[in-house]
Amino acid sequence: MIETFTDAYRKTKDIIKEQTFEAEWDKFLKNEVKDLLGDDGPNCAKASSLNKLHTDIQHPEGVKQTSRTVEADAILDAARQGEAVKLQDRAAALKTLRHLYFQSSRGAQSIWVCSLPKDYAQWPYDELRGMSAVHLKTRLAQTDEIFTSGNMKKMSVGAQDALKWCQKVLISLASAKGKDKKSRDMVSRWFADENVDEIALDSLIEKLTAGFKKIQDVCNSNQLIFSDDIVDRSTQPNLWKTTYALVRDEKLNVIYIEKVLLGRSGTKLEWAITIVHELSHREVKTKDHFYSESGLKPNAVSFPSDKAIENADNWGFYAANVNGELTKGKITTVLKEP
Ligand SMILES: [Zn+2]
């Protein structure tokens, strides 16, 4: 069973390489889509191939009025429905790409989004496994996606904010290293307990600098992917409904977006904090000792400095605070001792 975006992506690469599709499609997939699917993630220089793939599925041979059925038929034709062997895999490869988007690009940063059908409970390869052509058609006609266009817009704004935050944080950390009192106090506020002296504070500043550089690099990469967490959504719905986002141990830079961020409470501030939080898990191996709801104030008794520096929410809220994004009220609420 496919668990991660990286696995679905690799499988799609393999199927396109190994399988034969309808002649025109085969040429297009093997020449152009092959270059779109780079080894380290999708290639933004080839994003137009992805758009063409969407158009060819939704408007095959210039069909003006698309529909679910038109799409399903187009995928089945492209996948050569007359050839039963591995038909499901060929259809799943096209269906996976049908729901992958090049969302936005700004400077070096490119955002990709994988928004799978709401009615699917597994990645397309597992969802379509073993189905006859008739059943395939019904499943392929399910096109309502988990993310709205508003959700996707928030992903790119959130990623831009997170990048901007990291840049400002690194400037602040450089000042802190240079003994600027205000910048050092900010580090202390979020990471130092009462036993931390100036030398220990310098070491926290070093750790944060190295970590935020890595987070900044991912934010500024052209392969940051936001994906539906389809497996948890169907197998652990209660957890999915109460989570903001998560990352998994996988090769590509993927952040899975869960229900809380998709709902009304997914504010601009929460999106950016969550992205920094999740990328700190990915890049710095931070943990979730405490969330903001229980308080994030470091203290020698319940939350010593060595725990605060490895706590993802402290990284997120510190970045927000450096960027002037937290109100006084919010700082007071969050800075209670857990
Ligand atoms: Zn976390």
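In what order do the five strands of the open sheet stand? The order is β3-β4-β5-β7-β6, and the pairing of the strands is mixed. The model in which this sheet is found is predicted.

The two edges of the sheet are a place to begin. β3 (100-106) and β6 (245-246) stand there, and each has a single partner strand, so one side of each is left without a neighbour in the sheet. The partner relation of β3 can be followed in detail. β3 and strand β4 (residues 109-114) run antiparallel and are joined by six bridges. Within this pair, R106 has Q109 of β4 as its bridge partner, and Y101 stands opposite V113 in β4. The two strands form a hairpin with two residues between them, and in this hairpin G107 takes a positive phi near 60 degrees.

A helix also belongs to this part of the picture. α8 packs on the sheet, where it touches β3, β4 and β5 (224-228). The direction of α8 makes about 145 degrees with that of β4.

From the sheet, the view can widen to the chain as a whole. The protein chain has 17 helices and seven strands. Its C-alpha trace spans about 75 × 40 × 30 Å along the principal axes. The chain has 338 residues, of which 44% count as buried. Among the contacts with a separation of 6 or more, 69% are between residues 24 or more positions apart.

One case of residues far apart in sequence is found in helix α10 (residues 198-219), which holds T209. T209 and L170 are 39 residues apart in sequence, while their C-alpha atoms are 6.3 Å apart in space. Neighbours within four places in sequence aside, T209 is in contact with L170 and L173. Is T209 buried, partly exposed or exposed? It counts as partly exposed, because it has 16 C-beta neighbours inside 10 Å.

Helix α2 (residues 23-36) shows how a single helix can be described. It has 14 residues and reaches 19 Å from its first C-alpha to its last, close to the 20 Å expected at 1.5 Å a residue. The helix bends by about 40 degrees at L29. L29 is also one of the buried residues of α2, along with W25, V33 and L36. What covers these buried residues includes the helices α1 (5-18), α3 (47-58) and α4 (68-78), as well as the strands β1 (37-38) and β2 (41-42).

Two lysines in loops remain. Where is K179? It lies in the loop between α8 (149-177) and α9 (181-191). Phi of K179 is near 75 degrees, a positive value in a residue other than glycine. K179 is exposed, because 10 other C-beta atoms lie within 10 Å, and 12 or fewer is the limit for that class.

K285 is found in the loop between α14 (268-284) and α15 (305-308). K285 is not a glycine, yet its phi is positive, at about 60 degrees. K285 has 10 C-beta neighbours inside 10 Å and therefore counts as exposed.

How values were computed:
Residues are numbered from 1 along each chain as its sequence is written. This is a predicted model: local features need pLDDT of at least 70, side-chain atom pairs count only at pLDDT 80 or more; totals for chains, interfaces and linings use all residues. Helices (H or I, at least four residues) and strands (E, at least two) are DSSP runs, numbered from the N terminus. The expected span of a helix is 1.5 Å times one less than its number of residues. The bend at a residue is the angle between axes fitted to the seven residues ending there and the seven starting there. A residue is buried if 20 or more other C-beta atoms lie within 10 Å of its own, exposed if 12 or fewer, and partly exposed in between; C-beta atoms are placed from the backbone. Two residues are in contact if their C-beta atoms, placed from the backbone, lie within 7 Å. Two strands pair if DSSP finds at least two bridges between them. Axes are lines fitted to C-alpha atoms, for helices over the stretch in contact, and angles run from 0 to 180 degrees between N-to-C directions.
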